[in-house]
Amino acid sequence: MNATATVLPVTNALAPSTATIPPPSSRLAPPPPQHMRALERANAVRLARAELKRKVALDQIDVAGVVLNCPWEAESMAVADLLMSQRRWGQTRCRKFLAQVPMSERKTIGSMTDRQRRTLAAMLSSAKRDRAWGAAPLLTGNLTTA
């Protein structure tokens, strides 16, 4: 056996075929650049979060349900952002509430453990019940006497 016998000859089967490449007119447009796809995704998330916050502010969606179910738009959202979207919830109330459970305000909802989700949802439900009871004045004694 000589050296030339061990080298495979170049055949047309290994060369690229012109029959498999579609003509330029029938090619699909190339996908948009990565940064444009990222901008589109960021805008979609921003709009979905704004809608979620609006619904929470109008009491159309329960915050405890959002924490438990974790919809896609809330996955990368900070817990404090979701809590403060409720009526009458500011930074101080949010900070005090989260201090009861050792949880950072910057913790994302998607990164919470199942136990953290259940605990936070239970606390939110009880806080909502307490607020409902505390909203009506407690009437004691006889109202007719002054």
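These are my notebook entries on a predicted model of one protein chain.

**Entry 1: the overall fold**

I began with the secondary structure. The protein chain has six helices and zero strands, so written from the N terminus on, the order is simply α-α-α-α-α-α. I then looked up burial and found that 22% of the 146 residues are buried. For the surface, I noted about 11200 Å² exposed by the protein chain, with 58% of that supplied by carbon and sulfur atoms. I also checked how far along the sequence the contacts reach. Among contacts with a separation of 6 or more, 63% are between residues 24 or more positions apart.

**Entry 2: the nonpolar core**

Which residues have the most contacts inside the largest nonpolar core? I found L82, L83, L120 and L124, in a core of 25 residues. Next I asked which helices feed this core. Helix 2 (34-57), helix 3 (63-69), helix 4 (79-84), helix 5 and helix 6 (114-135) each supply at least two of its residues.

I picked L120 for a closer look. With its neighbours within four places in sequence left aside, L120 is in contact with V67, V79, F97, L98, M103 and M112. Two of these partners, F97 and L98, turn up again among the buried residues of helix 5.

**Entry 3: helix 5 and its two faces**

Helix 5 covers residues 91-100, and its buried residues are C94, F97 and L98. Do they sit on the same side of the helix, or on opposite sides? They are on the same side of helix 5, because the arc they cover around the axis is only 95°. I then turned to the face pointing away from that buried side, and there I found the exposed residues K96, A99 and Q100.

**Entry 4: an aromatic pair**

I searched the whole structure for aromatic pairs and came back with one. The partners are W89 and F97, arranged edge-to-face, with 5.2 Å centre to centre and 80° between the planes. The angle earns that label because planes over 60 degrees apart count as edge-to-face. I looked up burial for the two partners as well, and both W89 and F97 are buried.

**Entry 5: A50, a last stop**

I finished in helix 2, where A50 is found. Is A50 buried, partly exposed or exposed? Its relative accessibility is 28%, so A50 counts as partly exposed; the band for that runs between 20% and 50%. I also took the C-alpha to C-alpha distance from A50 to E73: 9.5 Å in space, for two residues 23 apart in sequence.

Methods
Residues numbered from 1 in each chain as written. Predicted model: local features only at pLDDT ≥ 70, side-chain atom pairs only at ≥ 80, totals over all residues. Heavy atoms only, no water. Phe/Tyr/Trp six-rings, centres within 6.5 Å; stacked < 30°, edge-to-face > 60°. Buried < 20%, exposed > 50% of the residue type's maximum accessible area, 1.4 Å probe, protein only. Helix = DSSP H or I, 4+ residues; strand = E, 2+ residues; numbered from the N terminus. Arc of directions from axis to C-beta. Core = buried A, V, L, I, M, F, W, Y, C linked by side-chain atoms within 4.5 Å. Contact = heavy atoms within 4.5 Å. Areas by Shrake-Rupley, 256 points an atom, 1.4 Å probe, with all protein chains shown as cover.
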